[in-house]
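Please look over the sequence and the model shown here before reading on. The report below is meant to be read alongside them.

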Amino acid sequence: MWKDLSSNDVTVVSGTMDELRNVIDAEVENREYLTRSGGVMTIMGVMEGRIESESVQFMGCTILERLASTDSETNEAIREMGGISMIRESLRQHSNSERVQRIGNAALRSEEHTSELQSHS
């Protein structure tokens, strides 16, 4: 699966990201594993390399939103790796895409909500 994320074919990359989303939606443990194994950095690298692709940005923001809602540790990892900036860049680059706007803003809200909960602990 990881190899397909570096494909030159954007359809393959987008499809692989969709598969990855399905994997992390299936079990919370999969989200934790993805974070521990460098998946956040990989996803953000794919998003950065394919900034022009609306489908890649949509899937990337979707995955980051799911991961950000996992726990405060995962949320902090996304923040430290520049996830907020990446999401904002996706929103800026795809301002006419309703689905990127919807999920990108949801991802930012998840980040903010989890961070607020963490600061009140």
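What follows describes two helices and a few of their side chains.

The model is predicted, so that local features need pLDDT of at least 70 and side-chain atom pairs count only at pLDDT 80 or more, whereas totals for chains, interfaces and linings use all residues. Residues are numbered from 1 along each chain as its sequence is written, and side-chain values use heavy atoms, with hydrogens and water left out.

Helices are DSSP runs of H or I with at least four residues, numbered from the N terminus. Buried means under 20% relative accessible area and exposed over 50%, with partly exposed in between (1.4 Å probe, protein chains only). In helix H5 the two classes are distributed as follows.

| Helix | Class | Residues |
|---|---|---|
| H5 (residues 72–80) | buried | Thr74, Asn75, Ala77 and Ile78 |
| H5 | exposed, on the face turned away from the buried side | Glu73 and Glu80 |

The buried residues of H5 lie on the same side of the helix because they cover an arc of only 160° around the axis, the arc being that of the directions from the helix axis to the C-beta atoms. After H5 comes Gly82, which has a positive phi near 90°.

Glu65 belongs to helix H4 (residues 54–68) and counts as buried because its relative accessibility is 15%. Leaving aside residues up to four places away in sequence, Glu65 touches Ile103, Ala106, Ala107 and Ser110, where contact means heavy atoms within 4.5 Å. Between Glu65 and Ile103 there are 7.4 Å from C-alpha to C-alpha, although they are 38 residues apart in sequence.

Technical notes
Helix = DSSP H or I, 4+ residues; strand = E, 2+ residues; numbered from the N terminus.
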